[in-house]
Structure formats: structure tokens, C-alpha cells
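Colleague: I would like to learn how to read the features of a protein model in an orderly way. Could we go through them in turn, each time with the general idea and then the case at hand?

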Amino acid sequence: MNYENMKFPRKNMSPSQKQFIRERMQRRQVPITYMHRLFQIAAAAVLLLGVGLFSVYLANESGKSGEQTYTIDLPQGMAILKGEKGLVFKQGERTVGGAVPSSAEEKQRIESSPGIFEDKEIANLAYPAERLLQHVKTMTAVQTYHYFLELEDGTLVRVYFHTPYITEEQADEAIKTFRAGG
């Protein structure tokens with residue numbers, strides 16, 4: 001079908017018809033009243049206030065979680081996973097250590113448990129530290145090196161490594177890289 005040669009009917013309106021349509025359209029438009037404008041401003045203010053309060057809430061929640069974060073460089077082949085209370089060190093599927101918040105009571109409990117071979121202060125670390133060597137002899141570990149580090153705010157962190165998966169030298173090198181942030 002060739003549309004170029006087709007003629008479509010054309011409707012011409014008189015000026016009075018055009019004026020009549022124009023007036024009808026203007027009457028249908030709702031004028032913006034003072035109350036309507038006030039409602040628009042109030043709705044925008046409530047929306048902005050809600051967005052602002054929500055963003056302040058999110059900022060406070062992310063900043064005040066109270067959860068201490070730790071970083072440490074482990075020997076090759078070991079991974080760091082976030083655990084329920086701190087970090088978990090994994091070698092394949094096996095847990096070979098971790099870093100968790102601690103307390104003086106927990107430290108005292110471990111010190112008084114049987115199998116403690118060594119209890120010594122460790123120098124040259126970012127935090128004052130004490131190392132306990134505990135003989136555990138379980139299916140997964142023979143000994144555990146417990147490092148109790150006292151952070152700037154006075155809280156204790158226990159970083160521990162199980163042998164035979166990590167040697168004393170590897171544990172000493174790793175603990176030198178331990179940092180707490182938060």
C-alpha cells in the first residue's frame with residue numbers, strides 16, 4: 001500500500017470552536033491551592049527526614065557494633081575466616097587456630113589447667129603479651145600455643161595455634177603481625 005498518494009480527511013475548526021475547547025480544558029485543570037502546596041512541602045519534608053534518620057541509623061549501627069576486628073599474616077596455605085566471636089584459622093577443612101576476645105578469668109582457667117608446659121612474657125610485639133604452651137593431645141592437636149595480648153583499652157585477646165599444623169617459629173612470626181582495630 002502506498003501511503004504517499006493517499007488523502008486523509010482534514011477537519012478545520014472555526015476560531016469559536018477552538019476557543020470553546022480551550023476554555024473547557026482550562027476549567028478542567030485544578031488550580032494549586034495553598035493547602036495543596038503546603039501538603040506537597042510537608043510530604044517532601046517527611047520523606048527527607050525519614051531518609052536522613054535512616055542514614056544516621058545505618059551509620060551508627062556500622063560504627064557502634066562494638067565488634068573488635070583483627071588482622072594477622074598467617075603462614076602460606078592457611079586461611080582466615082570470620083567466626084562467631086573472632087577469627088578462625090583454617091588449613092583446608094581443619095581448624096588450626098584462631099583469635100578471639102578473652103578475659104582474665106579465661107586466662108586464669110587455662111593457666112591453672114593441667115598440661116601447661118610454658119608460661120612466659122613475649123617482648124617486641126605491638127601489644128604486651130604472654131604465651132602459654134599447653135599440652136592437649138587430642139585427635140586434632142598435640143599442643144596449643146596461647147598468646148594473650150593486652151590491647152590499648154585493656155581488653156585481652158587470645159590468639160592460639162595448634163601443633164603440628166603450625167610450628168613454634170611460624171606462630172612467633174605470625175603473632176608479630178597481629179593488629180587489632182575496631
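Colleague: In this predicted model, how many of the residues of strand S8 (residues 156-163) are buried?

Modeller: One compares the relative accessible area of each residue with a cut-off; buried means under 20%. In S8, eight of its eight residues are buried, so the strand counts as mostly covered.

Colleague: Which residues of S8 point one way, and which the other way?

Modeller: In a regular strand the side chains alternate between the two faces of the sheet. Here Leu156, Arg158, Tyr160 and His162 point one way from S8. Val157, Val159, Phe161 and Thr163 point the other way, and the residues of both sets are all buried.

Colleague: Which strands pair with S8, and over how many bridges?

Modeller: Strand S4 (residues 94-102) pairs with S8 in the antiparallel sense over six bridges; one example is Gly98, whose bridge partner in S8 is Tyr160. Strand S7 (residues 143-150) also runs antiparallel to S8, and eight bridges join the two. S7 and S8 form a hairpin with five residues between them. In its turn, Gly154 has a positive phi of about 90 degrees.

Colleague: What stands opposite Thr144 in S8, and is Thr144 buried or exposed?

Modeller: Thr144 lies in strand S7 and stands opposite His162 in S8. The side chains of these two residues are also joined by a polar contact of 2.9 Å. Thr144 counts as buried because its relative accessibility is 3%, below the 20% cut-off. If residues up to four places away in sequence are not counted, Thr144 touches Leu132, Leu133, Gln134, Val136, Tyr160, Phe161 and His162.

Colleague: Let us turn to the whole sheet. In what order do its strands lie, and which are the edge strands?

Modeller: One follows the pairings from strand to strand. The result is an open sheet of seven strands in the order S2-S3-S4-S8-S7-S6-S5, with antiparallel pairing. The edge strands are S2 (79-82) and S5 (116-122), each of which pairs on one side only. Neighbouring strands of this sheet are turned against each other by 20 degrees on average, with direction ignored. As a further pairing within the order, strand S3 (residues 87-91) and S4 are antiparallel over five bridges, and Leu87 stands opposite Ala99 in S4.

Colleague: Which strands do the helices H3 and H4 touch where they pack on the sheet?

Modeller: For each helix one lists the strands in contact and then the angle between directions. H3 touches S4, S5, S6, S7 and S8, and its direction makes about 40 degrees with that of S6. H4 touches S6, S7 and S8, and its direction makes about 20 degrees with that of S7.

Colleague: Which residues touch the most other members of the largest nonpolar core?

Modeller: That core has 26 residues, and the ones that touch the most other members are Ile72, Phe89, Tyr147, Leu149, Val159, Phe161 and Phe178. The elements that give two or more residues to this core are S3, S4, S6, S7, S8 and H4.

Colleague: How many salt bridges does the model contain, and where do the partners Lys107 and Glu130 lie?

Modeller: A pair is accepted when a side-chain nitrogen of Lys or Arg comes within 4 Å of a carboxyl oxygen of Asp or Glu. The count comes to eight salt bridges. In one of them, the side chains of Lys107 and Glu130 meet at 2.4 Å, N to O. This pair links distant parts of the chain: Lys107 is in helix H3 (residues 104-112) and Glu130 in strand S6 (residues 129-135), 23 residues apart. Lys107 is buried, because its relative accessible area is 18%, and Glu130 is buried at 11% relative accessibility.

Colleague: What separates the pair Asp172 and Arg131 along the chain, and which residues join into one network?

Modeller: The side chains of Asp172 and Arg131 meet in a salt bridge of 3.1 Å, N to O. Asp172 is in helix H4 (residues 168-176) and Arg131 in strand S6, 41 residues apart. Arg131 is buried, with a relative accessible area of 1%, whereas Asp172 is partly exposed at 23%. A salt bridge within one helix is formed by Lys176 and Glu173, with the closest N and O atoms 3.4 Å apart. Both residues lie in H4, three residues apart, about one turn of the helix, and Lys176 is partly exposed at 42% relative accessibility. Salt bridges that share partners join Glu118, Arg131, Glu168 and Asp172 into one network.

Methods: Residues numbered from 1 in each chain as written. Predicted model: local features only at pLDDT ≥ 70, side-chain atom pairs only at ≥ 80, totals over all residues. Heavy atoms only, no water. Helix = DSSP H or I, 4+ residues; strand = E, 2+ residues; numbered from the N terminus. Buried < 20%, exposed > 50% of the residue type's maximum accessible area, 1.4 Å probe, protein only. Pairing = 2+ DSSP bridges. Polar contact = N/O pair within 3.5 Å; in protein donor to acceptor, adjacent residues only side chain to side chain. Contact = heavy atoms within 4.5 Å. Axes fitted to C-alpha atoms, helices over the stretch in contact; angles between N-to-C directions. Core = buried A, V, L, I, M, F, W, Y, C linked by side-chain atoms within 4.5 Å.
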